[in-house]
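Here's a quick briefing to read with the structure open beside you. Take it topic by topic and follow along in the viewer.

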Amino acid sequence: MPFGELICGSPGSGKSTYCYGKHQLFTALNRPISVVNLDPANETIPYPCAIDISSLVTLKDVMEEHGLGPNGGMLYCLEYLEVNQDWLEDRLKELGPDAYVLFDLPGQVELSTNHESVKRIVEKLTKSGFRLAAVHLCDAHYVTDASKYISVLLLSLRTMLHLELPHINVLSKIDLLKQYGELDFNLDFYTEVQDLSYLENTLTQSSPRFAALNMAIISLIEDYGLVGFETLAVEDKNSMLHLTRAIDRATGYVFVPPAGSQVPPGTVDEPDGASARPNTYALFSSAAGQLQGPVSDVRDVQERWIDERETHDAYEKNQWRKEGEMLRDEVARSKIRDRKPGT
Ligand SMILES: Nc1nc2c(ncn2[C@@H]2O[C@H](COP(=O)(O)OP(=O)(O)OP(=O)(O)O)[C@@H](O)[C@H]2O)c(=O)[nH]1
Ligand SMILES: [Mg+2]
């Protein structure tokens, strides 16, 4: 049964970079992965692309042919894809029954909040046996301002209600959060979305005219009780592994590595620094359906990227330097071993 993720979110929230990062991570883990570019305006695709909507339709052609602007053209392209869904499904079939597919959407949020084409494409894929989760990326920068945070909550809720998929909201680029200054609350306040009434003071000060409206929106979001966030720093292995576990839980994906497959050292976190042993790894991942790695919660994320960022950066840099030296020594030793006597 094929599994996958529908990657949606505002322009520049990090969707294509996430697809690239996940492709690298999964390739290192020997876990299947294919990325489908569904953004007909994506001219510089960072990841190896298994299927590209541009082979079917491009935004440039649509704009020229139909005299449409970039946004209208984008909606046209996705409607065109919907009409030609067979084209997509034929190519998806070629990826095999065990494919794990990321769908990289364009940044126009209406595609995942009110336009029907993506929703209908997803419905058909689900009916044909695809197990999909929506992964909704939101730039973490928005939590630095209470009213922007509310609009992100609303956008997330709207996307969840529209797509009707198992859904994971993600605060992306969490590694950049510190540079935007002090947060009013700890990070868990923003990720857990538990008691938003604490925002009242800030909202009343920043936009007194709309304070009542903002509070009404807050209570609506709280009434649904659906929105929460994971976090992501795409270049951080632990962050990617943590998010992967959350998505696997949502889709019910269980990864069983092929018999005898070796997990490259350093691609999974080994408990107590033990070396990666394929059998142990296979046992863990198939039994629990989860990748190994320290289970981190949002307080660890706060410490890593906000409270103790410099200390962690320095520690990681030191580790990389040591790994680099070990690798160089190993290469030097193997060269000496391989040298023929007398040369
Ligand atoms: N620091 C940091 N930068 C990131 C991260 N993820 C993405 N970026 C940067 O954010 C910018 C936008 O990333 P993209 O992946 O192009 O965003 P997108 O959502 O695909 O954008 P559109 O396709 O235009 O909607 C790029 O410069 C990325 O390098 C992250 O986790 N941390
Ligand atoms: Mg993109």
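Helices and strands here are DSSP runs, with at least four residues for a helix and at least two for a strand, numbered from the N terminus. On that count, the chain has 14 helices and 7 strands. Keep in mind that this is a predicted model.

**Whole chain**
- The chain has 343 residues, and 45% of them count as buried.
- The accessible surface adds up to about 17,700 Å², with 52% of that belonging to carbon and sulfur atoms.
- Take the contacts between residues at least 6 apart in sequence: 76% of them join residues at least 24 apart.

**The sheet**
- The 7 strands of an open sheet line up as β3-β2-β4-β1-β5-β6-β7, and the pairing is parallel.
- Why do β3 and β7 each have one side without a neighbour in the sheet? Both stand at the edges, β3 at 51–52 and β7 at 229–231, and each has a single partner strand, so one side of each is left free of a neighbour in the sheet.
- As a reminder, strands of a sheet pair through backbone hydrogen bonds, either parallel or antiparallel.
- For one pairing to look at, try β1 (residues 3–9) and β4 (residues 100–104), which run parallel and are joined by 5 bridges.
- Within β1 and β4, you'll find Glu-5 opposite Leu-102.

**Nonpolar cores**
- The largest nonpolar core has 32 residues, and Tyr-149, Ile-174, Leu-196, Leu-199 and Phe-229 have the most contacts inside it.
- Elements giving two or more residues to this core are α7 (146–163), α8 (187–192), α10 (211–224) and α13 (298–307).
- Helix α7 gives the most, with 7 residues.
- Leu-196 is a handy one to click on: leaving aside neighbours within four places in sequence, Leu-196 is in contact with Tyr-149, Leu-153, Phe-189, Ile-218, Ile-221 and Glu-222.
- There's also a second, separate core of 30 residues, and Cys-8, Val-36, Ile-51 and Val-62 are among them.

**Around His-23**
- His-23 is part of helix α1 (residues 15–28).
- Is His-23 buried or exposed? It counts as buried, because its relative accessibility is 16% and the cut-off for buried is under 20%.
- Not counting residues up to four places away in sequence, His-23 touches Ile-33, Val-35 and Pro-48.
- From His-23 to Ser-34 is 11 residues in sequence and 7.4 Å in space, C-alpha to C-alpha.

**Aromatic rings and charges**
- Searching the whole structure turns up 11 aromatic pairs.
- One of them is Tyr-76 with Tyr-80, a stacked pair at 6.4 Å centre to centre and 15° between the planes.
- Tyr-76 and Tyr-80 sit 4 residues apart in helix α3 (residues 70–83), so about one helical turn separates them.
- Tyr-76 is partly exposed at 28% relative accessible area, and Tyr-80 is also partly exposed, at 33%.
- Phe-189 and Tyr-198 make an edge-to-face pair, because their planes are at 75°, with ring centres 6.4 Å apart.
- In that pair, Phe-189 is buried at 13% relative accessible area, whereas Tyr-198 is exposed at 52%.
- Ring pairs tie Phe-189 and Tyr-198 into a cluster with Tyr-149, Phe-185 and Tyr-190.
- Arg-31 lies over the face of Tyr-100, 5.2 Å from the ring centre.
- Arg-304 lies over the face of Trp-305, at 3.9 Å from the ring centre.

Technical notes. Residues are numbered from 1 along each chain as its sequence is written. Chains are lettered from A and ligands numbered from 1 in the order in which they are written. This is a predicted model: local features need pLDDT of at least 70, side-chain atom pairs count only at pLDDT 80 or more; totals for chains, interfaces and linings use all residues. Side-chain values use heavy atoms; hydrogens and water are left out. Two strands pair if DSSP finds at least two bridges between them. Buried means under 20% relative accessible area, exposed over 50%, partly exposed in between (1.4 Å probe, protein chains only). Contact means heavy atoms within 4.5 Å. Accessible areas come from the Shrake-Rupley method with a 1.4 Å probe; for residues, only the protein chains shown count as cover. A nonpolar core is a set of buried Ala, Val, Leu, Ile, Met, Phe, Trp, Tyr and Cys residues joined through side-chain atoms within 4.5 Å. Rings of Phe, Tyr and Trp (its six-membered ring) pair if their centres lie within 6.5 Å; planes under 30 degrees apart count as stacked, over 60 as edge-to-face and the rest as tilted. A charge sits over a ring if NZ of Lys or CZ of Arg is within 6 Å of the ring centre and within 35 degrees of the ring normal.
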